Amino acid sequence: MINKNYDQCFHCECTARVKEVVEEKDFYWHYLDNTIFFVESGGMRSDIGTINNLPVLGLKVENNKVWHLLDQKLDGTVFLSVNLHERFRKAQVHTAQHLISALIGGIYGAKTISHHVGDDENDVEFEMTSFTQRQCSELQILTNGLIRDDLPVTITYPSKAEAMKFAPKDKCEHDEIRVVKIGNLDYNLCGCIHVPSLKYIQMIKILGFEKTTRGIKIKYLCGDQFLDAFEKRYDVLEEMSHTLALPHLYVMSGVNKLMNDKKKLTEQLVEMKNNYYTYLAKEIATTNKKNTVIHEFTDFDAKDLSQFTLAFVNNYDRVAIFITHTDSENMHITIGHSPNIAFNSEVFFKLLAEKFGLHGGGNAALAQGGGKYDPQILEFLKNSPIF
C-alpha cells in the first residue's frame with residue numbers, strides 16, 4: 001500500500017503506535033501503525049531522523065511493512081521526526097532529475113537509463129549517441145526558465161485505464177498507481193518524495209556531460225545542494241587565493257607559474273645531481289683502483305643509489321657494489337658493471353639475497369634490492385672469493 005505521507009515534502013512529523021518489535025544483536029526493529037520515514041527506493045535515499053529523540057539507525061521494508069531500527073525498545077505511542085533539511089535536499093534533487101529527463105526525452109526522444117545521486121554532484125544517464133556543449137548550455141537555460149515559471153508538481157492516484165493513456169502499459173501493472181506530474185510537461189509513475197512546485201528547486205547547474213558505454217551521462221547540481229557545493233568550492237578557492245596572495249581570477253595563473261617554477265627547479269636538481277654523481281664517481285674510482293669497487297653510503301636513497309651506480313659503470317670499467325642505509329634497520333644494495341667486463345650482477349645478487357635475506361632482482365648488467373641491514377655484509381663482500 002502506498003504511503004500518502006510521502007505526498008507532502010514538508011510533512012516531517014507525526015505520531016504512531018508501536019505494533020511489533022524484533023530484536024537483532026542488541027538493536028530493535030520497530031514496526032509502527034504509521035510512518036513518515038521514506039525508505040530508499042527509486043534512486044532516492046532513505047530519510048534520516050528520530051523516534052522519541054532516538055536516532056533512527058536503519059530502515060527497511062519487509063512484507064510491505066516499514067521497519068525502523070533503534071538502539072532502545074519502545075512501546076505505546078511514539079513521536080516521529082524526519083530531518084527536514086536533508087529530505088528537502090533529496091526532494092529537490094529528485095524533482096530536478098524528473099525535469100531534466102522530461103526535457104531530454106521531449107526534445108531528443110532519449111530514454112532515461114539511470115540516475116545517480118551524490119554529495120557533490122548527481123548524474124542522469126540517457127540513451128543517446130551524442131551531446132554537445134551547446135545542447136548542455138541550452139538544457140541549463142531551459143530548466144531554469146521552467147523553474148522561474150514555477151510549474152506545479154502534483155501527485156495523483158489515477159486508475160489503471162487512465163494511467164495507460166499517458167504511461168507505458170508495463171509501468172501500470174500495479175494495484176495502486178502513483179503519478180508525479182510537472183505541469184503538462186511530465187507524467188511519471190514514481191513513489192518518491194518531490195517538492196510542491198519547481199520554484200522549490202531554486203536553480204539547476206548543469207556541470208557537464210560525458211559519453212558512456214550506454215549513452216550520455218549529464219551531471220548536475222541543484223538547490224541547497226548547489227549552495228553547499230558552491231560554499232565548499234569557494235572556501236578552497238579562497239584558501240588558494242590567500243596562499244598565492246592573488247585575487248580569485250588570477251589563481252590559475254599563479255598555479256601555472258608555480259608548476260613552471262617546479263619544473264625548472266626539478267631540471268636544475270637533476271643537473272646538480274648528475275654533476276655530483278660525476279664528481280663522486282671520479283673520487284671513488286681514483287681512490288680505489290681495484291676492478292671491483294665496494295662502497296657504503298648513508299645519504300643516498302634507493303633511487304639515488306641506482307642512478308649513481310649507472311653513472312659510475314658507464315664511465316669506469318669496474319664492477320660496482322654499492323650499499324646505502326639511511327638508518328640502522330634497512331639497507332639497499334646495487335650491483336652493476338661496465339659493458340667491457342664479463343660479470344653477472346643478477347647471479348651475484350641472488351647469492352647475497354640468499355645469505356642476507358634480501359629481496360629484489362634485476363639482470364646481468366644491473367641487479368638491486370634491499371632488506372634488513374647487516375653490518376657483516378661489507379666484510380663478506382671484501383673477502384668474497386669471486387673478487
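**Group meeting: charge pairs and surface patches in a predicted model**

Leucine 244 has its place in helix 4. I begin there, and I should say at once that the structure before you is a predicted model. With a relative accessibility of 22%, leucine 244 counts as partly exposed, because buried is reserved for values under 20%. Leucine 244 and glycine 254 are ten residues apart in sequence, and their C-alpha atoms are 6.6 Å apart in space.

Let us remain with helix 4, which spans residues 223–244. Glutamate 231 is also in this helix, and its relative accessible area of 48% makes it partly exposed. What kind of charge marks the surface patch to which Glu231 belongs? The charge is negative, and the patch gathers Glu231, Asp235, Glu238 and Glu239.

I turn now to the salt bridges. How many does the structure hold? There are 14 salt bridges in the structure. In general, side chains of opposite charge can pair when their charged atoms come close. I shall discuss three of these pairs.

The first pair on my list is aspartate 47 with arginine 87, whose closest N and O atoms are 2.7 Å apart. Aspartate 47 sits in the loop between strand 2 and strand 3, while arginine 87 is in helix 1, so this salt bridge ties together parts that are 40 residues apart in sequence. Are these two residues buried or exposed? Both aspartate 47 and arginine 87 are buried; for aspartate 47, the relative accessibility is 5%. The loop that holds aspartate 47 runs between strand 2, residues 27–32, and strand 3, residues 49–51. The side chain of aspartate 47 has a further neighbour to note: one of its polar atoms lies 2.8 Å from the backbone nitrogen of phenylalanine 38.

The next pair links helix 1 with helix 4. Arginine 89 and aspartate 228 meet through their side chains in a salt bridge, at 2.3 Å from N to O. Arginine 89 belongs to helix 1 and aspartate 228 to helix 4, so the pair ties together parts that are 139 residues apart in sequence. The two partners may be set side by side: arginine 89 counts as buried at 13% relative accessibility, whereas aspartate 228, at 28%, counts as partly exposed.

My last pair is glutamate 138 with arginine 134, where the closest N and O atoms are 3.3 Å apart. Why are these residues separated by about one helical turn? They are four residues apart in helix 2, residues 133–149, which means a separation of about one helical turn. Glutamate 138 is partly exposed, with a relative accessible area of 33%, and arginine 134 is exposed at 64%. Salt bridges that share partners also join Asp47, Arg87 and Lys90 into one network.

Two further places deserve a word. Ile107, Tyr108 and Leu142 make a nonpolar surface patch of about 260 Å². Of these residues, tyrosine 108 lies in helix 1, residues 84–108, and is partly exposed, with a relative accessible area of 33%.

Finally, aspartate 374 is found in the loop between strand 19, residues 366–372, and helix 8, residues 376–382. Its relative accessibility of 25% counts as partly exposed. How far apart in space are aspartate 374 and serine 338? From C-alpha to C-alpha they are 27 Å apart, and in sequence they are 36 residues apart.

Note on methods: Residues are numbered from 1 along each chain as its sequence is written. This is a predicted model: local features need pLDDT of at least 70, side-chain atom pairs count only at pLDDT 80 or more; totals for chains, interfaces and linings use all residues. Side-chain values use heavy atoms; hydrogens and water are left out. Patches are made of residues with over 30% relative accessible area and no salt bridge: like charges are joined within 9 Å, nonpolar side chains (Val, Leu, Ile, Met, Phe, Trp, Tyr) within 5 Å. Accessible areas come from the Shrake-Rupley method with a 1.4 Å probe; for residues, only the protein chains shown count as cover. A salt bridge is a side-chain nitrogen of Lys or Arg within 4 Å of a carboxyl oxygen of Asp or Glu. Lys and Arg count as positive and Asp and Glu as negative; His and the chain ends are not counted. The place of a charge is taken as NZ of Lys, CZ of Arg, CG of Asp or CD of Glu. Helices (H or I, at least four residues) and strands (E, at least two) are DSSP runs, numbered from the N terminus. Buried means under 20% relative accessible area, exposed over 50%, partly exposed in between (1.4 Å probe, protein chains only). A polar contact is a pair of N or O atoms within 3.5 Å; within protein, one must be able to donate a hydrogen and the other to accept it, and residues adjacent in sequence count only if both atoms are side-chain atoms.
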